[in-house]
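Biologist: I am in my first year and would like a slow, careful look at one part of this model, with enough of its surroundings to see where that part sits. Please explain each term when it comes up.

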Number of protein chains: 2
Amino acid sequence: MPTISQRGIAMPPSPIRKLVPFAEGATARGVKIYHLNIGQPDIDTAPGFIEAIQQFDGKVLEYSHSAGLESYRRKYAQRFQERNIGVDHNDIIITTGGSEAIIFGMMSCLNPGDEVIIPEPFYANYNGFAQMAGVKVVPITTHIENGFALPSVKEFEKLINERTKAIVICNPNNPTGTLYTDDELMQLRDLVLAHDLYLFADEVYRMFSYSDQPHRSILSLPGMEQHAIVVESVSKIYSACGARIGALVTENKEVIAAAMKFAQARLSPPTLEQVGAMAALDAPQSYFDDVRSEYISRRDLVVAALQQMPGVTCPNPGGAFYCVVQLPIDDSDHFCQWMLESFSYEQQTVMMAPATGFYASAGLGKNQVRIAYVLNKHDLSKAMECLAIALQQYPGRTHS
Amino acid sequence: MPTISQRGIAMPPSPIRKLVPFAEGATARGVKIYHLNIGQPDIDTAPGFIEAIQQFDGKVLEYSHSAGLESYRRKYAQRFQERNIGVDHNDIIITTGGSEAIIFGMMSCLNPGDEVIIPEPFYANYNGFAQMAGVKVVPITTHIENGFALPSVKEFEKLINERTKAIVICNPNNPTGTLYTDDELMQLRDLVLAHDLYLFADEVYRMFSYSDQPHRSILSLPGMEQHAIVVESVSKIYSACGARIGALVTENKEVIAAAMKFAQARLSPPTLEQVGAMAALDAPQSYFDDVRSEYISRRDLVVAALQQMPGVTCPNPGGAFYCVVQLPIDDSDHFCQWMLESFSYEQQTVMMAPATGFYASAGLGKNQVRIAYVLNKHDLSKAMECLAIALQQYPGRTHS
């Protein structure tokens, strides 16, 4: 029997999927689960998106251009220009989700054995994409005490060596919800230019910025034309996760040329969803305003509830729809499993993601969980009630 | 300025895209182009496919399961069982096109530096997928003289060494149209079992078999449970290229487990198109019969026309909708470019794919082109008329 590959063995399983059998067990026991474990929002898909697909009147569902429909890219570029970002349609490759944009970016910019520095905790699937590209992830730890702020230049420089080729950030951040300040971004810019690195920014949550200062794309940082590689997606901003439409955006023509060869090999991204996404570019501002204020009130509810629980530390996240929370517990994997397997309050429980899966450094995140506030406020307050009681009853509770 | 990756440089460009600027030039000159260069059929998408998508009545376009909708996989597995292939829904991972199935298969089964043997000429994008996986493609040449039949076991064994991990076939074949016989498949089976290799079969054209003997999947070969990795796609069988729905199918549980980790990293294949593809599983047999007889008559038209042209060699392909044809010309890249740049007959010309891009061995295919018979018979006969006259006028014509 032939053996599977080393990367197939080394590929880490999803940190959330591990809990699925226990969730199935809870459902079998008749316990209702509040799913705060995944970033699947309950928000309606942006107006126009599904309608445009339903109105498709072709007889043949054909390939699109490998870089995506030109009409879509042109309109998309226009939206960038309206944000004072000077990209044109040739600087955009439409990808199958943000995931494919990261894979194409890594495949195009990095050689096997190269290193990328990523502030941890980070989106766990970066590990998988790095595994596919043969790239080594070097974590730089951020800390809950200062709201998971970006580490100093000095800390980054300790990790930079001749194999370092890129820094990867996610802004606003999944899993922490941290929104980087302009100062932090300019500091990263200086670092990247000084060491001739690429800066990848996963900006798929850019519409979810809750501070007075709007989200700033790294594409708008001066002098970064050859260095900035941006990942976008319609999954969260239009609540269209199942569409699998993302984009790789860069003014670096060599990177675009290399990424285009990978894009051509896989022929095209899905055609109909590009039609939907193009329509959603015309969604009214009121849709985004409503979504934003809904998330702000959800965040406020969750953060207030968490901060009232004894022994719990929760920074006030400035963006996205996640927070990483420190709990008075011995082991987050065990706690999340226990919540599904052994706990219920009024026949209800909460599913969360243990934070261990978001750290590359062994042993970190053991008393932290990621909470995604993607449910309505009624459900969120029920979920917080459950969590508060669970923390009182959990046998592995620590004193704090 | 940071440099791009070696694989980005080494990644071959698409053999067809090179001609795009010349095609644009022909259009600018007012010359109509018959596109026999790509596998985008003009056939209507299978009944039910687009309709099911149009009837989607959800408010939120959500992720599907990373392996694809369970309902779709269960019904899909049933169709396999009806063909006497004993796979169940856990042996199927729905992918984003057949392309992603090949990438997941290579990533899961092969280590960087491993070798795969592929009969050439072969689908050019296998080069790209191998490049992404860091795998070395070792070509084994097939010949137009015997209809691109599979080479003998002895020829394969000359190429097998300790780095060889898999053989990749495409059946029916793109680009040659060759349909492998049962004997050829059993011979491959014996070889694969003897050397403990994986056998990848790209069976995306399986519905396009024009011989009396139906297409045989490698999943039905005895004793191959741990070795057979099959790639499927809805692109051709339902004429839904833009849907980007494919599948990796194998009874090897370790491969499925590894591939699932890659599948989870990219979250899910497109949701709506799975709904369409599931509906198309109920398309009436008459749709497939009509499509098959349409392609048989197209093939007959094209092959008859080609065989009448002096100096042209064209085998009678048993499947798919391609043929590789030998022409009395000096250089197929130059000829195909000349057809677009300098030739027209009644303001018409033909775009074909130079066969050089389908060979990994340098220098092969220089007097061959791939023709895709994906247009209606009227257009195909006009295109053949053009080609016959072009061959008379082409300055690089060789005596034959």
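Among contacts in chain A between residues at least 6 apart in sequence, what percentage joins residues at least 24 apart? With that as background, how many of the 10 residues of helix α11 of chain B are buried, and what covers them?

Modeller: This is a predicted model, in which local features need pLDDT of at least 70 and side-chain atom pairs count only at pLDDT 80 or more, while totals for chains, interfaces and linings use all residues. Residues are numbered from 1 along each chain as its sequence is written, chains are lettered from A and ligands numbered from 1 in the order in which they are written, and side-chain values use heavy atoms, with hydrogens and water left out.

To begin with your first question, 76% of those contacts in chain A join residues at least 24 apart, a contact being heavy atoms within 4.5 Å. The chain has 14 helices and 12 strands, where helices (H or I, at least four residues) and strands (E, at least two) are DSSP runs numbered from the N terminus. Its radius of gyration, taken over C-alpha atoms, is 21 Å, close to the 21 Å that the globule rule (2.2 Å times the number of residues to the power 0.38) gives for 400 residues, so chain A is as compact as a globular protein of that length. Along its principal axes, the C-alpha trace of chain A spans about 60 × 55 × 55 Å. Of its 400 residues, 62% count as buried; buried means under 20% relative accessible area, exposed means over 50%, and partly exposed lies in between, with a 1.4 Å probe and protein chains only.

Your helix has cover from both chains, which makes the relation between the copies worth knowing. In general, two copies of a chain are related by a rotation about an axis and a shift along it. Here a rotation of 180 degrees with 0.0 Å of shift along its axis superposes chain A on chain B, with an RMSD of 0.0 Å, when the copies are fitted by least squares on the C-alpha atoms of residues with pLDDT of at least 70 in both. That is the relation of a two-fold axis. The same surface serves both copies, since 99% of the contact residues of chain A recur in chain B. Of the residues of chain A, Gln54(A) comes closest to the rotation axis, with its C-alpha at 2.1 Å.

Now to the helix itself. In α11 of chain B, which runs over residues 271-280, 8 of the 10 residues are buried, so the helix is largely enclosed by the rest of the structure. Those buried residues are Thr271(B), Leu272(B), Glu273(B), Gln274(B), Gly276(B), Ala277(B), Met278(B) and Ala280(B). From chain A, the cover includes α3 (49-54) and α11 (271-280). From chain B, it includes α3 (49-54), α4 (70-82), β2 (92-95) and α9 (234-237).

One of those covering elements, α9, leads on to another feature of chain B. Arg244(B) lies in the loop between α9 and β8 (246-249), and its phi is near 60 degrees, a positive value in a residue other than glycine. Arg244(B) is buried, with a relative accessible area of 2%.

For contrast, consider Met186(B), which lies in another helix, α8 (residues 182-195) of chain B. Met186(B) is partly exposed, with a relative accessible area of 27%. Leaving aside neighbours within four places in sequence, Met186(B) is in contact with Leu221(B) and Pro222(B).

Finally, a buried position need not belong to a helix, as Ile16(B) shows: it lies in the loop between α1 (6-10) and α2 (20-28) of chain B and is buried, with a relative accessible area of 14%. Not counting residues up to four places away in sequence, Ile16(B) touches Asn37(B), Ile38(B), Met351(B), Ala353(B) and Arg370(B).
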